[in-house]
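Student: Could you show me how to read a model like this one, starting from the inside and working outwards?

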Amino acid sequence: MLNTKNILETYNWNKINFCEWEYYKFLPNDFKEFPLVYKNLYFFEDLKNYISDISNNLNTKTDLNIKQSFNNKPIRVELNNIDSINRIVNFFENYFQHKSLKSQVTRSYPSDFPIYTNTDQCSKENYWISQFWHIDNLKHFCVGIYLNDVVLGEGDFQFIGQPENNFYNIISSKTKPGYTWKDTRFNDYQPNDNEINSIEGERGFVFFFVPNFIHRGTFPKTTTRDFLRIDFKMG
Ligand SMILES: [Fe+2]
């Protein structure tokens, strides 16, 4: 069994300096030198009414798609597109002067669903594969917004070390013939707690990210966690 340091080394062939990435030049200026940028509550006044609206829609539990369930209960749901989401998307399209590709509002519920560390342990159909340490393997930049207060252990977005130092190139059939989604997960990687960084933030907390540094999503332990992600395709 490889230790965690050696596991990371097996991915080094694809590691790249963020600023030397061939798509770096297509990124908005916010990403100068860093693939993860905190905007904190900078946009809160602009977004707060839409955020309340989205929370109300999630709370009334109408118009939800179940993404994952456990013990016959939904543990991760997606809110169908509503006007308030579109308004936030439009806000950031104006900010970046760039059309978005897609957006998604999800609510995660506390659950005892086992956390897997190896992709062979799960079926993709009912497992949130973002729980694995991974890169998204997309030429995207994204906006993440916490729609409720998020603290450590309550559905926080997590990453390893400094994102700009743990950044990876796009895996393609050219660089890895026959690659699958499993090649984008860091199989069996189990870092120590002190190597893991957590994004904690209040309701309305915004961060921008280029999702090709090592990161993962987590389920909340005691409360629900609501998140809006907007994806923009580069170029
Ligand atoms: Fe991801």
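**Reading the core, then the layers**

Tutor: Of the 39 residues in the largest nonpolar core, those touching the most other members are I54, I88, V143, I214, L228 and I230. A nonpolar core here is a set of buried Ala, Val, Leu, Ile, Met, Phe, Trp, Tyr and Cys residues joined through C-beta atoms within 7 Å. Buried means that 20 or more other C-beta atoms lie within 10 Å of the residue's own, exposed means 12 or fewer, and partly exposed is in between, with C-beta atoms placed from the backbone. At least two residues of this core come from each of helix 2, helix 3, strand 5 (140-146), strand 6 (157-160), strand 8 (206-209) and strand 10. Helices (H or I, at least four residues) and strands (E, at least two) are DSSP runs, numbered from the N terminus.

Student: What should I keep in mind about the model itself?

Tutor: It is a predicted model: local features need pLDDT of at least 70, side-chain atom pairs count only at pLDDT 80 or more, and totals for chains, interfaces and linings use all residues. Residues are numbered from 1 along each chain as its sequence is written.

Student: How many helices and strands does the chain have, and what pattern does it follow along the sequence?

Tutor: Count 3 helices and 10 strands. In sequence order they read α-β-α-β-β-α-β-β-β-β-β-β-β. The radius of gyration is 18 Å, close to the 18 Å that the globule rule gives for 235 residues, so the chain is as compact as a globular protein of that length. That radius is taken over C-alpha atoms, and the rule is 2.2 Å times the number of residues to the power 0.38. Of the 235 residues, 31% count as buried.

Student: How is the open sheet of 7 strands ordered?

Tutor: Start with the general idea: strands of a sheet pair through backbone hydrogen bonds, either parallel or antiparallel. In this case the order is 1-8-5-10-4-3-2, with antiparallel pairing. Two strands pair if DSSP finds at least two bridges between them. Strand 1 (36-40) and strand 2 are the edge strands, each pairing on one side only. On average, neighbouring strands of this sheet are turned by 20° against each other, direction ignored.

Student: Which residues can I use to find the pairings by eye?

Tutor: Try V143 of the core: its bridge partner in strand 8 is F208. Strand 5 and strand 8 run antiparallel and are joined by 4 bridges. Towards the other edge, strand 2 (residues 64-70) and strand 3 run antiparallel over 6 bridges, and I66 stands opposite V77 in strand 3. These two strands form a hairpin with 2 residues between them, and N71 in the turn has a positive phi of about 50°.

Student: Which residues of helix 2 are buried?

Tutor: The general idea helps here: an α-helix has 3.6 residues a turn, so residues three or four places apart point the same way. In helix 2 the buried residues are L47, Y50, I51, I54 and L58. What covers them includes strand 3 (73-79), helix 3 (83-96), strand 4 (102-108) and strand 10 (225-233). E45, by contrast, is exposed, with 9 other C-beta atoms within 10 Å.

Student: Where does helix 2 bend, and how does helix 2 lie on the sheet?

Tutor: Helix 2 (residues 44-59) bends by about 25° at Y50; the bend is the angle between axes fitted to the seven residues ending there and the seven starting there. Helix 2 packs on the sheet, touching strand 3, strand 4 and strand 10, and its direction makes about 140° with that of strand 3. Axes are lines fitted to C-alpha atoms, for helices over the stretch in contact, and angles run from 0 to 180 degrees between N-to-C directions. Just after helix 2, K61 takes a positive phi of about 55°.

Student: And helix 3?

Tutor: Helix 3 lies across strand 4, strand 5 and strand 10, at about 40° to strand 10. Its I88 is in contact with L47, Y50 and L228, leaving aside neighbours within four places in sequence. Contact means that C-beta atoms, placed from the backbone, lie within 7 Å.

Student: What is the order of the open sheet of 3 strands?

Tutor: That order is 7-6-9, again with antiparallel pairing. Strand 6 and strand 7 pair over 4 bridges, with I196 as the partner of I160. Strand 6 and strand 9 are joined by 2 bridges, where Q158 stands opposite R216 and F159 opposite H215.

Key
Two residues are in contact if their C-beta atoms, placed from the backbone, lie within 7 Å.
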